[in-house]
Amino acid sequence: MSKENHRLLKLATYASVATASLLIIAKLAAWFMTGSLSLLATLLDSTMDVLASLITLFAIRIAIQPADDDHHFGHGKAEQLAVLAQAAFIAGSAIVLILNSLDRMSGDDIVLQNENAGLGVMAFSMVATIILITFQRYVIKRTDSAAIKSDSLHYRMDLLTNFAVIIALFGASQGYDQLDNLLAFLIGGYMIFSVRKLAWEAIQQLMDHALPPEDLEEIERRALSIHGVLGVHDVRTRVSGPMSFIQMHLDLEAELSLERAHHLGAKAKRAVLEYLPDADVIVHLDPYPHEPIDEY
């Protein structure tokens, strides 16, 4: 990964921590003023965001370290571990939120106060969140970082929850106080639903899941585009953080010199790297037609 991408990953994590910290302060003040459970939901979510963003920051610092004597394939899987930790934080806060909303639904109505102050804080939160998500999208496009993707999912959910809180506070100002509890329950359910795919993808990468079929097809197509490559087989891939690892066998004419065969293998490797610039590509050259290997 380039130094510029390293810098972008660090900036994205710093921006995430700073934004979540600012929103916690604003939402805490608004919650004290209003007593809104749905606003408490976003406060809990922002608190989880800070913890998750700190984990992401730590994971990114590990993931971008180059391979060493103890980690020959780098440290990229630290990102997936961070994603699982984030998923646990989100699910935990969602369960607490759902239980609190059910408890208040079954009890006496709690009248909210200072709804206008809460509305102002939530409007500010949405603007700050949109700015952060816009920057994260740029970083994801440049780096394809799984950790930043999961962090961005938090804040996309925040936009929805913030909008729900605005509805709840407006409803409370019109006398519909139970709307606050209902929306808090729905927000918690949405948080659990949204985190499933994120956690599953992280588990798949930790288990060395292959690249998507369309990527495999493009890898083979690019290798076969090199004049002199007769076939491609045994293509194996896996992903570790932002980096893809690719192994493939190329069929070449058996009469080629070692120098010529090496040259064709290098050209095929460059063709694949034009498609996946941050990949680690290993090419094995096979003579064609294949001759049986004597067993000793």
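**Exercise 1. Work out how the span of helix H7 compares with the expected one, and where its buried residues go.**

Start with the length: H7 has twelve residues, and from first C-alpha to last it reaches 17 Å, close to the 16 Å expected at 1.5 Å a residue. Keep in mind that this is a predicted model.

Next, pick out the buried residues of H7: Asp215, Glu218, Ile219 and Ala223. Look down the helix axis and these buried residues fall within an arc of 130°, so they line one face of H7. The general rule helps here: an α-helix has 3.6 residues a turn, so residues three or four places apart point the same way.

Now flip to the face turned away from the buried side, and you'll meet the exposed residues Pro213 and Glu217. Last step: the buried residues of H7 pack against E1, E2 and H8.

**Exercise 2. Find the residues at the heart of the largest nonpolar core, and say which elements build this core.**

The largest nonpolar core has 19 residues, and the members touching the most others are Ile219, Ile246, Met248 and Leu250. Four elements each chip in at least two residues: helix H7 (213–224), strand E1 (231–240), strand E2 (243–253) and helix H8 (258–275). H8 gives the most, with five residues.

Zoom in on Ile219, skipping its neighbours within four places in sequence. Its contacts are Leu211, Val235, Thr237, Ile246, Met248, Val272 and Leu276. There's also a second, separate core of 17 residues, with Ala87, Ile90, Ala164 and Ile187 among them.

**Exercise 3. Track down the backbone oddity in strand E1, and check whether its residue is buried or exposed.**

Go to Asp234, which sits in strand E1. Its phi is near 50°, a positive value in a residue other than glycine. As for burial, a relative accessible area of 47% makes Asp234 partly exposed.

**Exercise 4. Look at the rings: which charged group sits over one, and how many aromatic pairs are there?**

Take the charge first. The charged end of Arg238 sits over the ring of Phe245, 4.5 Å from the ring's centre. Then try pairing rings whose centres lie within 6.5 Å. You end up with zero aromatic pairs.

**Exercise 5. Place Ala82 in the fold and compare its sequence and space separations from Ile148.**

Ala82 belongs to helix H3, residues 78–106. With 2% relative accessibility, Ala82 counts as buried. Along the sequence, Ala82 and Ile148 are 66 residues apart, while in space their C-alpha atoms are 9.9 Å apart.

How values were computed:
Residues are numbered from 1 along each chain as its sequence is written. This is a predicted model: local features need pLDDT of at least 70, side-chain atom pairs count only at pLDDT 80 or more; totals for chains, interfaces and linings use all residues. Side-chain values use heavy atoms; hydrogens and water are left out. Rings of Phe, Tyr and Trp (its six-membered ring) pair if their centres lie within 6.5 Å; planes under 30 degrees apart count as stacked, over 60 as edge-to-face and the rest as tilted. A charge sits over a ring if NZ of Lys or CZ of Arg is within 6 Å of the ring centre and within 35 degrees of the ring normal. A nonpolar core is a set of buried Ala, Val, Leu, Ile, Met, Phe, Trp, Tyr and Cys residues joined through side-chain atoms within 4.5 Å. Buried means under 20% relative accessible area, exposed over 50%, partly exposed in between (1.4 Å probe, protein chains only). Contact means heavy atoms within 4.5 Å. The expected span of a helix is 1.5 Å times one less than its number of residues. The arc is that of the directions from the helix axis to the C-beta atoms.
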